[in-house]
Amino acid sequence: MMPFAGVATFLRAPHHALSESWQAEVGVLGVPWDGAVGYRPGARFAPQALRLASLRYPLSEQGYYHPLHGCRLQGVRVVDAGDVDTPPMDYETAFARITESARLLRQRVKLPLFLGGDHSITFPLLRAFDDVPDLHVVQIDAHLDFTDERDGVRYSNSSPFRRAVEALPNLTHITTVGLRGVRFDPEAVQAAQARGHTLVFREALREGHSLPLPSGKPVYLSIDADALDPAVLPAVNSPEPDGLSFHEAARVIAETIRQNTLVGVDFVELTPTLDPTQNSALIAVRLLLEVLIARFG
Ligand code: MN
Ligand code: MN
């Protein structure tokens with residue numbers, strides 16, 4: 001079927017609700033919540049935009065072949081589990097439903113793939129991984145997102161990882177890759193360093209050094225679309241210039257996945273209404289294919 005036809009599910013995978021009984025290798029769950037954005041809203045439309053763009057890459061018997069790496073994405077069973085029902089204006093209800101849905105999805109799949117939404121959703125998503133000993137997070141992001149509070153707000157998209165380390169004793173380490181810009185919260189930087197987090201600034205990738213990523217750990221991978229350069233992927237609410245190329249982001253993803261046990265992935269902060277060409281959603285889907293190729297290829 002052509003990419004402009006039919007009902008849009010992610011990669012044209014079958015849709016089964018979380019209330020149904022099923023098993024798959026990959027389960028896709030949309031989290032259309034952008035109530036925590038302090039700047040330009042619209043990430044709530046990302047799950048639908050990603051599904052629509054993903055029809056360019058339908059799963060098929062032939063699969064996808066990466067001639068450079070000699071790996072093939074083929075025969076992976078994916079289910080699109082639809083979206084979490086997140087009511088606007090009520091983050092406690094939204095977050096409770098996000099955690100509950102993520103727990104249900106984890107029971108059904110090897111790899112849960114969450115499509116945000118703004119980055120605040122990573123806190124309720126990580127709550128669903130509170131039983132994973134020695135959990136490591138790799139966050140690909142221009143921003144640290146470790147702010148304690150801003151203007152009295154504690155659950156914004158600037159704070160998901162601060163809330164997560166407070167709530168989850170099993171979350172032992174966070175590596176943040178792609179940091180840049182001037183909007184750093186000094187207290188957040190000090191707090192992250194005091195906890196021993198690994199902060200990888202954008203310059204470290206450009207120099208081509210080996211990346212200080214975890215190895216042999218259970219890893220939750222959180223990909224903020226604004227890690228990429230806004231010339232590559234402009235549809236984000238807080239763009240920062242001088243970002244990662246697609247190749248650099250794909251390298252971080254591949255190395256993270258190949259040397260660890262991937263327990264979950266989220267992709268957040270895509271704000272499709274900010275890109276009238278709709279290319280950002282297409283690029284984002286390609287990046288998510290890199291995740292699947294690294295894990296299953
Ligand atoms: Mn960011
Ligand atoms: Mn972020």
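Reply: Let's begin with residue classes: Ala, Val, Leu, Ile, Met, Phe, Trp, Tyr, Cys and Pro count as nonpolar, Asp, Glu, Lys and Arg as charged, and the others, Gly among them, as polar. This is a predicted model, where local features need pLDDT of at least 70, side-chain atom pairs count only at pLDDT 80 or more, and totals for chains, interfaces and linings use all residues, while side-chain values use heavy atoms and leave out hydrogens and water. Residues are numbered from 1 along each chain as its sequence is written, with chains lettered from A and ligands numbered from 1 in the order in which they are written.

Me: How do the residues of the lining of the second largest pocket divide into nonpolar, polar and charged?

Reply: A pocket is an open set of points on a 1 Å grid over the protein atoms alone, where a 1.4 Å probe fits and protein lies on both sides within 12 Å along at least five of seven lines; lining residues have an atom within 4 Å of a point. Here the lining of the second largest pocket holds nine nonpolar, five polar and two charged residues. It is made up of 16 residues, and A49, L52, A53, Q278 and A281 lie nearest the centre. Two elements each give two or more residues to this lining, α1 (46-54) and α8 (279-296), and α1 supplies the largest share, four residues. Helices (H or I, at least four residues) and strands (E, at least two) are DSSP runs, numbered from the N terminus.

Me: What volume does the largest pocket have, and which residues lie nearest its centre?

Reply: Rolling a probe the size of a water molecule over the atoms shows where empty space is left. Volume is the space filled by probe spheres set on the grid points, which are joined across faces, edges and corners. The largest pocket comes to about 540 Å³, and the second largest to about 310 Å³. Among the 28 residues lining the largest pocket, R150, N157, S158, R183 and S238 lie nearest its centre. Its lining has nine nonpolar, nine polar and 10 charged residues.

Me: Now the metals, please. Which residues coordinate the manganese ion (ligand 2)?

Reply: Donors are N, O and S atoms within 2.8 Å of the metal (3.2 Å for Na, K and Ca), and since water is not among the atoms, sites may look incomplete. For the manganese ion (ligand 2), H119 (ND1), D141 (OD), D145 (OD) and D224 (OD) coordinate at 2.0 to 2.2 Å. Because D145 lies in the loop between β6 (135-140) and α4 (160-167) and D224 in strand β9 (residues 218-224), the pair ties together parts 79 residues apart in sequence. D145 is buried (under 20% relative accessible area; exposed is over 50%, partly exposed in between; 1.4 Å probe, protein chains only), at 7%. D224 is buried too, at 2%.

Me: What are the protein donors of the manganese ion (ligand 1)?

Reply: D141 (OD), H143 (ND1), D224 (OD) and D226, through two OD entries, lie 2.1 to 2.4 Å from the manganese ion (ligand 1). Along the chain, these donors are spaced D-x1-H-x80-D-x1-D. The two manganese ions are 3.2 Å apart, and D141 coordinates both. D226 is buried, with a relative accessible area of 2%.

Me: What is the order of the strands in the open sheet?

Reply: Strands of a sheet pair through backbone hydrogen bonds, either parallel or antiparallel. Two strands count as paired if DSSP finds at least two bridges between them. This sheet of eight strands runs β4-β1-β5-β10-β9-β6-β7-β8, with parallel pairing. β4 (78-83) and β8 (198-201) stand at the edges with a single partner strand each, so one side of each has no neighbour in the sheet. Five bridges join β6 to β9, and I140 has I223 as its bridge partner in β9.

Me: Where should I look for odd backbone geometry?

Reply: Most residues other than glycine have a negative phi, and most peptide bonds are trans. D145 has a positive phi, near 55°, and E269 has one near 75°. E269 sits in the loop between β10 (261-268) and α8, and is buried at 2% relative accessibility. The peptide bond from G116 to G117 is cis, with omega near 10°, and G117 lies in the loop between β5 (109-116) and α3 (122-127).
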